[in-house]
Amino acid sequence: MRFETDRPATWQVCLTCGNEAPESDPQPRCRQCGGMLEIRHRSDFTAAELLQRFTERRGKGPAASASGVWRFREVVLPSASEVISHPEGNTPLLHRAALDRWTGLTHLLLKHEGHNPTGSFKDRGMTVGVTQAWRLGARAVACASTGNTSASLAAYASQAEIPALVLVPAEGVALGKLAQALAYGAKTLLVRGDFDDCLRLVEEASTRLGVYLLNSINPYRLEGQKTIVLELLQQLGWDPPDWIVLPAGNLGNTAAFGKALREAHAWGLIARIPRLAAVQAAGAAPFARSYEEGFVTRHKVKAQTVATAIRIGDPASYDRAVRAIQETDGVVLAVNDAELLEAKAVIDACGVGCEPASAASVAGARTLVRRGKIKSDEHVVAVLTGHVLKDPGILLQ
Ligand code: F0G
């Protein structure tokens with residue numbers, strides 16, 4: 001269907017065939033062609049009005065306004081009058097001289113998403129996804145995960161009192177993440193296979209059982225994850241950095257960042273679009289390979305890396321992420337496990353700390369400086385996606 005006249009405040013559109021669906025349609029993919037969906041908002045506000053609201057709510061309670069996600073509600077999910085919020089977000093932008101020295105940059109800032117309630121950026125998408133599930137009256141929610149998504153889903157679903165099902169690979173999920181899913185009460189299935197197998201299974205199961213799917217295929221998750229970018233832009237006084245560097249696995253976050261930047265520019269919140277750099281682990285780098293070939297082929301690999309969170313060989317949000325890279329004049333690269341662990345050691349040693357997958361952003365920033373792609377005086381924000389306690393096994397080996 002297509003909303004020709006009288007557009008609602010929010011609707012969904014298929015990025016493949018252009019078919020449109022109402023905001024309340026629970027189907028995670030296009031009903032017509034199976035393509036990926038994107039949320040669109042009718043823009044009822046001027047940039048000045050939006051900025052005033054975002055500024056007024058910053059640092060203020062009660063819960064929903066205090067959230068670093070719902071502070072931006074006009075551009076996330078304007079119709080939600082009640083939300084399932086911890087609250088989340090409000091993560092710091094950090095500077096450490098040791099990391100400037102290590103990367104060769106003079107202005108490196110770290111956006112530390114490990115400061116979220118369950119220890120990763122996933123909480124930003126999950127507060128929106130679970131709010132949507134709750135509004136739709138979902139009888140259960142489900143996801144496949146390398147660990148962080150399942151921890152986050154379990155926490156938010158239990159807050160909303162919706163039963164949760166999570167599928168994780170039997171091998172390679174960090175113990176702490178598994179413990180979180182169990183502690184928050186999710187029905188947790190260990191699958192003999194990798195993340196890509198888990199995702200196939202959970203998509204099948206959700207269709208057959210009518211369970212609401214909360215992987216980042218779900219476009220509402222991305223609306224929440226956009227606020228990583230909105231919040232960092234707000235922290236910088238809406239003066240955008242030159243680059244935003246992030247780890248990339250299933251590519252939901254890369255897609256969300258691209259959408260956030262496109263919209264922030266279209267709404268007049270920023271005058272210029274920063275470039276995105278998506279960094280994969282070399283053993284799980286199908287997107288980097290596609291980028292090197294000008295995105296003519298979508299690759300799949302059997303993934304292997306110490307960074308268990310991004311051990312993904314067939315990223316679901318490939319198409320949406322290609323668009324994000326193209327629209328931001330972005331780059332995609334891979335760093336090997338040794339580089340990733342060296343970056344983690346430096347991030348840990350300056351008292352910040354992060355999980356191995358998160359260190360890909362800082363390792364990637366250094367590689368891009370060495371290649372001359374990023375100039376040393378350019379302003380760079382590297383996103384740390386998960387907390388140091390999330391996947392500590394590598395430190396103990
Ligand atoms: N960093 C961390 C710590 C993650 O947990 C993930 C993804 C990523 C980066 C990559 O983000 O998939 O949007 O490109 N973790 C998912 C999970 C797959 O199940 O927790 P992406």
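1. Between helix 12 and helix 13, the contact (heavy atoms within 4.5 Å) brings Glu339, Leu340, Glu342, Ala343, Lys344 and Ile347 of helix 12 against Ala359, Ala360, Val362, Ala363, Arg366 and Thr367 of helix 13. By class, seven of the residues in this contact are nonpolar, one is polar and four are charged, where Ala, Val, Leu, Ile, Met, Phe, Trp, Tyr, Cys and Pro count as nonpolar, Asp, Glu, Lys and Arg as charged, and the others, Gly among them, as polar. Helices here are DSSP runs of H or I with at least four residues, strands are runs of E with at least two, and both are numbered from the N terminus.

2. This is a predicted model, in which local features need pLDDT of at least 70 and side-chain atom pairs count only at pLDDT 80 or more, while totals for chains, interfaces and linings use all residues. Residues are numbered from 1 along each chain as its sequence is written, and side-chain values use heavy atoms, with hydrogens and water left out.

3. Two packed helices are described by the angle between their axes and the distance between the axes. For helix 12 (residues 337-349) and helix 13 (residues 359-370), the axes come within 8 Å and cross at roughly 105°, so helix 12 is roughly perpendicular to helix 13. Axes are lines fitted to C-alpha atoms, for helices over the stretch in contact, and angles run from 0 to 180 degrees between N-to-C directions; angles under 35 degrees count as roughly parallel, over 145 as roughly antiparallel, 65 to 115 as roughly perpendicular and the rest as oblique.

4. Thr367, which lies in helix 13, is buried at 14% relative accessibility, where buried means under 20% relative accessible area, exposed over 50%, and partly exposed in between, with a 1.4 Å probe and protein chains only. Leaving aside neighbours within four places in sequence, Thr367 is in contact with Leu333, Val335 and Glu339.

5. Helix 4 (residues 122-136) and helix 5 (residues 148-160) have axes 9 Å apart and pack at an angle of about 40°, which means that helix 4 is oblique to helix 5. Helix 4 passes helix 5 in a right-handed crossing; a crossing is left-handed if the near helix is turned anticlockwise from the far one by less than a right angle, and right-handed if clockwise. The residues that meet are Lys122, Asp123, Met126, Thr127, Val130 and Trp134 from helix 4, and Asn148, Thr149, Ser152, Leu153, Tyr156, Ala157 and Ala160 from helix 5. This contact divides into seven nonpolar, four polar and two charged residues.

6. Helix 4 itself has 15 residues and spans 21 Å from its first C-alpha to its last, close to the 21 Å expected at 1.5 Å a residue, the expected span being 1.5 Å times one less than the number of residues. Twelve of the 15 residues of helix 4 are buried, which leaves the helix mostly covered; among them are Gly125, Val128 and Gln132. The buried residues of helix 4 pack against strand 5 (107-112), strand 6 (141-144), helix 5, strand 9 (212-213) and helix 8 (219-235). Just after helix 4, Gly137 takes a positive phi of about 75°.

7. Leu109, in strand 5, is partly exposed, with a relative accessible area of 23%. Apart from neighbours within four places in sequence, Leu109 is in contact with Leu93, Leu94, His95, Leu236, Val380, Val381 and Ala382. Leu94, in strand 4 (residues 93-94), counts as buried at 16% relative accessibility, and with the same sequence neighbours set aside, Leu94 is in contact with Leu108, Leu109, Leu110, His112 and Val352. The C-alpha atoms of Leu109 and Val352 are separated by 12 Å, with their positions 243 residues apart along the chain.

8. Most residues other than glycine have a negative phi, and most peptide bonds are trans. A reader checking backbone geometry may therefore want to look at the cis peptide bond that joins His86 and Pro87, with omega about 10°. Pro87 lies in the loop between helix 2 (63-66) and strand 4. Asn90, in the loop between helix 2 and strand 4, has a positive phi near 55° and is partly exposed, with a relative accessible area of 38%. Leu251 has a positive phi of about 75° although it is not a glycine; Leu251 lies in the loop between strand 10 (243-247) and helix 9 (252-266) and is buried, with a relative accessible area of 2%.
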